[in-house]
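Work through the following exercises with the model open beside the text. Each task is followed by a solution that proceeds step by step.

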Amino acid sequence: MSQILLPRNIYLLAFLVGFGLLCPPLGALQIQNWQQKELPTRYWPEEVDFDPAIPSPKDVLGFEIGHRHLNHAQVVRYLQALAEQSDRVTIEQYGRTHGQRPLLMLTITSEKNRQQLDAIRRQHKQLTKPNRSSEVDIGDLPAVINMGYGVHGDESSATNCAPLVAHYLAAAKGEEIDRILESCVILLDPSLNPDGFNRFANWTNDYRGRVPNADGQHAEHNQNWPPGRVNYYWFDLNRDWLPVEHPESRGRLKQYHYWKPNVVLDFHEMGTKSTYFFQPGIPQRTNPLTPFKNVEFTNRFAAYHAKDLDKRGSLYFTQERFDDFYMGKGSTYPDLHGAVGILFEQASSRGHVQRNENGFLRFHETIANQFTTSLSSLRATADMRSELNDFKRDFYARAAAQAKASKIKTFVFSSPGNRTRLENFADVLCRHDIRCYWPEETLVVGDRSFAKDSTLIIPAAQPEFRFIKSLLMRRKSFKENVFYDVSSWTLPLAYDLNQTSILETVDVSQMRRAKLHERRSLDFKPEPEAVSYLVDWRDDDSVWVLNQLLKKNINVKVAKQSFVVDAQSTVTSYPMGTLQISLGIQPEKRASIEEVLAAGAERGVLISSTKSGLTSQGIDMGSSSFATIPHPKIAMPVAGGVSAYGAGEIWHLLDTRVGAAVAMLKSDRFETSDLSRYTTLLFPSGRYKSVSSERWQTIREWVEDGGTVVAVGASGKAIANAISGNWTADAESGQVEISNPAGPNQLPFDSAAKTRALQLISGAILKAKVDLTHPLLYGFSRKTMPVFRDHTTFLTPSENPYCNPMIYDSESPHLAGYCSDENLAKVEQSAAAVIYPLGDGRVVVIADNPNFRAFWHGTSRVFLNAIYFGHIMNP
């Protein structure tokens, strides 16, 4: 065998290239394996000794933090081992994710505090009760700090940092750690989004070689769809603090109100090209209900972070980009609960190393920055312990004074015929520690009366008055009209509830306080002489009943006209949308029918029966105006340019609330999938440029043969055009149009981004007029409804007036949030939903996102009507 001999210097050349010291185009993108001294343990505070009996992450996992991305099981294994060996640490599981991964909370404090831990917790709760808070001696009361890591799973320096922080708090020795542990009860949540965290860790580790690659185009840095940012159902959990729709958020919020912490830390990552951010954010975008004292505390904390990051030589910034307006995020929710929430954003290496304009951004260095600000936050909390406790007491005392001064003393919410909607609303209030009540009899206030079964009462006079104001806020003008997130989140509008504000205090002493998971069940007794059962379509759980019946191949019909039944001197009116299950045509299925209906009644759905096919008024049971409902076979394209949020909202709705299966067709299979298997195609918002014109033609033919397409959001209009053969995607160009007939103009260059932002609709709530006779609106009773809009693509009404079931109110369409006058003018001329008949099928376009963050329960029903009643929407 011949041997090639290379000059000795070639090895030196290879060494220099591999270490990034000599920089040919690709060689610069490959860097050295890290040595022990470069890993985060290098950044321990100076002169700190550690208890050798307490295991380090390397002792348990076999490698240093930062060498690889931890998966969730490794995080759990280490923290459990830590808790077993350290008297400072206890660990509890407070819930499970959708993917059945454990949600853990570590409680870390001194031995003295641990002996009186429950008493400390009760005193903190007492600080939130103005009538008793003055009794609490805050002189030696420890502060409670909640440290939350990695609510976005692909922002992995956060959760990878948590074991380091836990080890430091469990094993470090010295005066400073003793002072921190005496002054604080530390609640450490290592992974707020285990499902997303694990998804991302698996991806990036699968593409990590022995030689890390800093090329931003390398697969390690470009994760698959859906990204690790989102949870099991592809939701952004950092926006779920307010709607509380997911087990991660529900467990987290239960822990929050169990302790009522003073400080909440929220660790994130941002783009690779950035540096490090910590609050304060943009001052003009602070929520108007946030006390100024909160802002002062945030600024004081910032001085601690700056000092320690300066020691490290790390670059950072404040008061840019991020804001504190939307109160449903981890760093802003505490601000309306007498606490200080602080956001941290580290530039992300995504994989193990990437190159940016500041050099190489290494994974272990991103972890070290998060570790640094974790410790600076602990020092600040210990130093401000007494002031933070005093602030919490004062916050709730002032809230009580505000409630007393408020003209509105009681809020009344009602939802006739839809008790399930109201119970879900009550659940959210309970999770936010807001007291609400069910009246035991009809409530009469002046000349107004409210039925007991469809009414919920919220007294203004309670500790969480400020947060109640935030939930009900309908603000339309703002100090600053640029927003990092949405500009409106009015909860009763999202639930499409009737709201009445009362200027007098309603006595709730004889009412029943709402409890979590409390449900009113109804009796169902099989009727031997019944010819048909009737299901009230107004209740949200009636959709679940319908789907269960269809899964059992039971014939179900929907009334396209109203009717009246007179039975035993009881006259009952049934609106359009009422479901009929005829027993005579399917006698062999009677037991199955009654089993499902009994389960529906248990969930609160109103079920009735009729002993005759003849009605006293309107259509009879055998009328052709009762249309048979086919069992929808549903498919949805995913991946590619599809919005993970939008697709996840649809999947979550159908899977967890309705119990309906949806076939998710990945982009590489969508072109060749057999559409004949499906009756309904759902298109979330997204970019569908990868779909060929031939495929759109196939979809058109499928629609013409009777298929139903439901397209939502900004891309709905373009999808309708594509199916009709006129592909003109109305995507926003990002250009600002300047009209100046006088000639050339000049604008400040640094105002361009803001000018563009002012043209956006940042989560505004608008009012639509609805056609209650249209199948899309079956189950609704009011002629207007709120809709949520977060884009500026406007839907032209159909020339066929019967195909415009939802149009925006042309007189007063703006209910809440920011929307410029120019965009409002366009809103007034556009439609909120249009039906496009095509052969025997149809394309249903809903202009706004009806399933936004899973808490727009009102418009979600519109979306479900499109699925189950699409076949009867051609005029």
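**Exercise 1: the three-stranded sheet**

Determine how strand E21 pairs with E25, and place both strands in their sheet.

Strand E21 (residues 563-567) and E25 pair in the antiparallel sense over two bridges, where strands are DSSP runs (E, at least two residues), helices are DSSP runs (H or I, at least four residues), and both are numbered from the N terminus. Two strands count as paired if DSSP finds at least two bridges between them. At the level of residues, Phe-563 has Gly-618 of E25 as its bridge partner. The sheet itself is open, has three strands in the order E22-E21-E25, and is paired in the antiparallel sense; its edge strands, E22 (570-574) and E25 (617-618), each pair on one side only.

This is a predicted model, in which local features need pLDDT of at least 70 and side-chain atom pairs count only at pLDDT 80 or more, whereas totals for chains, interfaces and linings use all residues. Residues are numbered from 1 along each chain as its sequence is written, and side-chain values use heavy atoms, with hydrogens and water left out.

**Exercise 2: the five-stranded sheet**

Find which strands stand at the edges of the sheet of five strands.

The strand order in this open, antiparallel sheet is E24-E19-E23-E20-E26. Strands E24 (607-610) and E26 (626-628) stand at the edges with a single partner strand each, so one side of each has no neighbour in the sheet. From one strand to the next the twist averages 30°. Within the sheet, E20 (residues 557-559) and E23 (residues 579-582) are joined by two bridges in the antiparallel sense, and Lys-557 stands opposite Gln-580 in E23.

**Exercise 3: a helix pair**

Describe how H10 and H11 pack.

Helix H10 (residues 292-312) and helix H11 (residues 363-383) pack at about 140°, with axes 9 Å apart; axes are lines fitted to C-alpha atoms, for helices over the stretch in contact, and angles run from 0 to 180 degrees between N-to-C directions. The two helices are therefore oblique to each other, since angles under 35 degrees count as roughly parallel, over 145 as roughly antiparallel, 65 to 115 as roughly perpendicular and the rest as oblique. The contact (heavy atoms within 4.5 Å) includes Phe-301 and Tyr-304 of H10 and Ala-368 and Asn-369 of H11.

**Exercise 4: confidence**

State the mean pLDDT of the protein.

The mean is 90, and 90% of the residues reach 70 or more, pLDDT being the predictor's confidence in each residue, from 0 to 100. Over residues 1-37 the pLDDT is below 50.
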